[in-house]
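Me: Could you take a close look at the nonpolar core of this protein and show me how the parts around it fit together? I would enjoy a connected walk through it.

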Amino acid sequence: QSYVAGLETCLPACLDRPESVAFMKRSIHDATEGFCSTEEDSSTRAVARWCAVFNSTESTYAGILNTALGFSTLKSFVECERSILTRRLAEQAHLSAGQQSCVLAAYDHFQQRGASDFCVARTIKGSGALVLLVDMDGTIADFDARAFSLMAVRHPEVPMPHWDSRRFPLADGLAKEHRPLLKTLFNEEGFFSEMSPIEGAVAALHEMVEAGVDVRLCSSPLAKSPRCVMEKVQWVIANLGPGWVDRVVLTRDKTLVRGDLLIDDAPVAKGSALTPIWEHVYFDQVYNRPQAGGDASRRRLRRWCEWRQLLS
């Protein structure tokens, strides 16, 4: 009932957005007509649908939460003190009374049910495990070392950047006339499947699973490499075991994947379709440090042996 009441409170604030109204009406129908089989599962899934309104780039409220109010994640929104939220809303003169009411209604609704219910993405029915998304290239598989090694063999005449001056993507650190030579290597058989694991990564991934963490390998295949997808799976089988194939998520847009944390070396995680609910944690590389333009406010995992400190 509180869920339906929260949605109905929000409806008048977005009557000028037919798609939002239709979405919310469907959500109300699902909640009242038995969208889920159990009460516990119903609240989890219903809230997940409701949150999709805020995560959608088509929604006015994604912009309100992110740009106007400064909440980069849903977690930061629901954990904020109401007085701080109210003050931030008051400072935004361009927001209508209806929009402000919608945001406050959502906040109050989350607080009534307990913020923790909405801060953890439960992708497995009935599971409360932490969902940890882990990138592959540059995070657990040494992409740059593989590229440096092959360039030294195939094109020894090409000057490569100093290891501590690498850029992201790697090709940006080469002269323009040499970049096609590097990119050609990405199409070679074995480029992805024969990467060496980054030190400590394999052991850490197994340890996390044993500790009850729901680990998912979330990687973005190169669009122009015909072997990339197949070889990523081969790498997983060879280094982590066949059972890990079920944990592989390959997508060109990581914002579409649900999770609590994303450990990724990229300065900006791949994708823009939605506002992600996960927190992007850097896997430490020279190109994502503040002096290279990385986000200084983000947490980072410097070595895989330190994963326990990160998750605690």
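Reply: Happy to. In this predicted model, the largest nonpolar core is made of 41 residues, and the ones with the most contacts inside it are I140, L182, F191, L205, L217 and W304. Helix 9 is the main contributor, giving five residues to this core. A separate core of twelve residues lies apart from it, and L69, F77, V78 and L95 are among its members. As a general background, nonpolar side chains in soluble globular proteins tend to be buried together.

I140 is a good place to see how the big core is put together. Beyond its neighbours within four places in sequence, I140 touches V134, D135, S196, P197, I198, A201, L205, L217, W235 and W304. Three of these partners, L205, L217 and W304, are also listed with I140 among the residues with the most contacts inside the core.

From there we can step to F143, which sits in helix 9, a helix that spans residues 143-154. F143 counts as buried because its relative accessible area is 12%, under the 20% cut-off. Leaving out neighbours within four places in sequence, F143 is in contact with D137, G138, F186, F191, F192 and M195. One of those partners, F191, is again a residue with many contacts in the largest core. The chain also brings E194 into this region: the C-alpha atoms of F143 and E194 are separated by 9.7 Å, although the two are 51 residues apart along the chain.

F143 leads us on to the largest pocket, whose volume is about 810 Å³. Its lining has 32 residues, and those nearest the centre are F143, F168, P169, S220 and L222. Helix 9 and helix 10 (179-185) are the elements that give two or more residues to this lining, with helix 10 giving the most, three residues. By character, the lining residues divide into 13 nonpolar, five polar and 14 charged.

Now for the charged pairs. Side chains of opposite charge can pair when their charged atoms come close. The whole structure holds 16 salt bridges. D214 takes part in one with R216, where the closest N and O atoms are 2.9 Å apart, and in another with R247, at 3.5 Å from N to O. The pair of R247 and D214 links distant parts of the chain, since R247 is in the loop between helix 12 (228-239) and strand 3 (248-250), while D214 is in strand 2 (residues 214-219), 33 residues away. Elsewhere, salt bridges with shared partners join D284, R289, R300 and R302 into one network.

Is D214 buried or exposed? D214 is buried, because its relative accessible area of 6% is under 20%. For another setting, look at R87 and E91, whose salt bridge has its closest N and O atoms 3.9 Å apart. There, R87 is partly exposed, with a relative accessible area of 47%, and E91 is exposed, at 52%.

Stepping back to the whole chain, the secondary structure comes to 13 helices and six strands. Of the 312 residues, 47% are buried. Among contacts between residues at least 6 apart in sequence, 60% join residues at least 24 apart.

Key. Residues are numbered from 1 along each chain as its sequence is written. This is a predicted model: local features need pLDDT of at least 70, side-chain atom pairs count only at pLDDT 80 or more; totals for chains, interfaces and linings use all residues. Side-chain values use heavy atoms; hydrogens and water are left out. Helices (H or I, at least four residues) and strands (E, at least two) are DSSP runs, numbered from the N terminus. Buried means under 20% relative accessible area, exposed over 50%, partly exposed in between (1.4 Å probe, protein chains only). Contact means heavy atoms within 4.5 Å. A nonpolar core is a set of buried Ala, Val, Leu, Ile, Met, Phe, Trp, Tyr and Cys residues joined through side-chain atoms within 4.5 Å. On a 1 Å grid over the protein atoms alone, a cavity is a set of points where a 1.4 Å probe fits but cannot get out, and a pocket is an open set with protein on both sides within 12 Å along at least five of seven lines; lining residues have an atom within 4 Å of a point. Grid points are joined across faces, edges and corners, and a volume is the space filled by probe spheres set on the points. Ala, Val, Leu, Ile, Met, Phe, Trp, Tyr, Cys and Pro count as nonpolar, Asp, Glu, Lys and Arg as charged, and the others, Gly among them, as polar. A salt bridge is a side-chain nitrogen of Lys or Arg within 4 Å of a carboxyl oxygen of Asp or Glu.
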